[in-house]
Amino acid sequence: MPRVVHFEIPADNPERAAAFYKKAFGWKIEKWPGPMDYWMVNTGADGEPGINGGLLKKGDVSTTTNTVGVESVDDAIAAVSKAGGKLIMPKTPIPTVGYFAYCQDTEGNLFGVMQFDANAK
């Protein structure tokens, strides 16, 4: 069964947001070395309950979103559409991570679907 595997927090000033979450919760936050401005958020030790996430500059995404891990982004997009949801941002490769798309549920909530694939380019 697909589960929530990641969260994203959009921020006007990601560095300021990172400082806040570090101070408030002790989270470890580091700029991702990939091809986009993105900060990886580690909320705790592996094996403990919870998930990690990321910070990004506000833009098209302006609300905190959850990402669901799926076997296939293409199949997930089809299932979302069949269930009455919508595709918001098409399948996009994230080099060395996998494939990602943003969708919207029937209530207007934004969420992501992520297919992990280290060979993504």
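Is Tyr-102 buried or exposed in this predicted model? At 8% relative accessibility, Tyr-102 counts as buried, because the cut-off for buried is under 20%. The views below begin with the sheet and end with the aromatic rings.

**View 1. An open sheet of eight strands.** The strand order is β2-β3-β4-β1-β5-β8-β7-β6, and the pairing is mixed. At the edges are β2 (28-31) and β6 (86-94), each of which pairs on one side only. From one strand to the next, the twist averages 25 degrees. Strands of a sheet pair through backbone hydrogen bonds, in either a parallel or an antiparallel way.

**View 2. The antiparallel pair β7 and β8.** Seven bridges join β7 to β8. In this view Gln-104 stands opposite Leu-110, a residue of β8.

**View 3. Helices α1 and α2 against the strands.** Helix α1 covers residues 14-25 and lies across β1 (4-11), β2, β3 (39-42) and β4 (52-57). Its direction is at about 150 degrees to β4. Helix α2 lies across β6, β7 and β8, and runs at about 10 degrees to β7.

**View 4. The largest nonpolar core, 12 residues in all.** The members are Val-68, Val-70, Val-73, Ala-76, Ile-77, Val-80, Tyr-99, Ala-101, Cys-103, Phe-111, Val-113 and Ala-120. Two or more residues come from each of α2 (73-82), β7 (98-104) and β8 (110-116). Helix α2 gives the largest share, four residues. A second, separate core has 11 residues, including Ala-11, Ala-17, Tyr-21 and Trp-39. In soluble globular proteins, nonpolar side chains tend to be buried together.

**View 5. The contacts of Val-113.** Val-113 is one of the residues of the largest nonpolar core. With neighbours within four places in sequence left aside, Val-113 is in contact with Thr-67, Val-68, Val-70, Val-73, Ala-76, Tyr-99, Phe-100, Ala-101 and Cys-103. Among these partners, Val-68, Val-70, Val-73, Ala-76, Tyr-99, Ala-101 and Cys-103 also belong to that core.

**View 6. The surroundings of Thr-67 in strand β5.** Strand β5 spans residues 65-69 and contains Thr-67. The relative accessibility of Thr-67 is 2%, so this residue counts as buried. When neighbours within four places in sequence are left aside, the contacts of Thr-67 are Arg-3, Val-4, Val-5, His-6, Phe-100, Gly-112, Val-113 and Met-114. One of these partners, Phe-100, is itself buried, with a relative accessible area of 7%.

**View 7. The salt bridge between Lys-91 and Asp-74.** The closest N and O atoms of this pair are 3.1 Å apart. Lys-91 lies in strand β6 and Asp-74 in helix α2, so the salt bridge ties together parts that are 17 residues apart in sequence. Lys-91 counts as partly exposed at 34% relative accessibility. Asp-74 is also partly exposed, with a relative accessible area of 44%.

**View 8. The salt bridges of Lys-28 and Lys-31.** The count for the structure comes to three salt bridges. Lys-28 is bridged to Glu-30, and the closest N and O atoms are 3.8 Å apart. Glu-30 has a relative accessible area of 47% and is partly exposed. Lys-31 meets Asp-37 in a salt bridge of 2.9 Å, N to O. Lys-31 is partly exposed, its relative accessible area being 44%.

**View 9. The edge-to-face pair Phe-20 and Tyr-21.** A search of the whole structure finds seven aromatic pairs. The ring centres of Phe-20 and Tyr-21 are 4.8 Å apart and their planes are at 80 degrees; edge-to-face requires over 60, so the pair falls in that class. Phe-20 counts as partly exposed at 48% relative accessibility, whereas Tyr-21 counts as buried at 18%. Both rings belong to one aromatic cluster, formed by Phe-7, Phe-20, Tyr-21, Phe-25 and Trp-27.

**View 10. The edge-to-face pair Phe-100 and Tyr-102.** The centres of these two rings lie 4.7 Å apart, with the planes at 90 degrees, so the pair is edge-to-face. Phe-100 is buried, with a relative accessible area of 7%, and Tyr-102 counts as buried at 8% relative accessibility.

Technical notes: Residues are numbered from 1 along each chain as its sequence is written. This is a predicted model: local features need pLDDT of at least 70, side-chain atom pairs count only at pLDDT 80 or more; totals for chains, interfaces and linings use all residues. Side-chain values use heavy atoms; hydrogens and water are left out. A nonpolar core is a set of buried Ala, Val, Leu, Ile, Met, Phe, Trp, Tyr and Cys residues joined through side-chain atoms within 4.5 Å. Buried means under 20% relative accessible area, exposed over 50%, partly exposed in between (1.4 Å probe, protein chains only). Contact means heavy atoms within 4.5 Å. Two strands pair if DSSP finds at least two bridges between them. Axes are lines fitted to C-alpha atoms, for helices over the stretch in contact, and angles run from 0 to 180 degrees between N-to-C directions. A salt bridge is a side-chain nitrogen of Lys or Arg within 4 Å of a carboxyl oxygen of Asp or Glu. Rings of Phe, Tyr and Trp (its six-membered ring) pair if their centres lie within 6.5 Å; planes under 30 degrees apart count as stacked, over 60 as edge-to-face and the rest as tilted.
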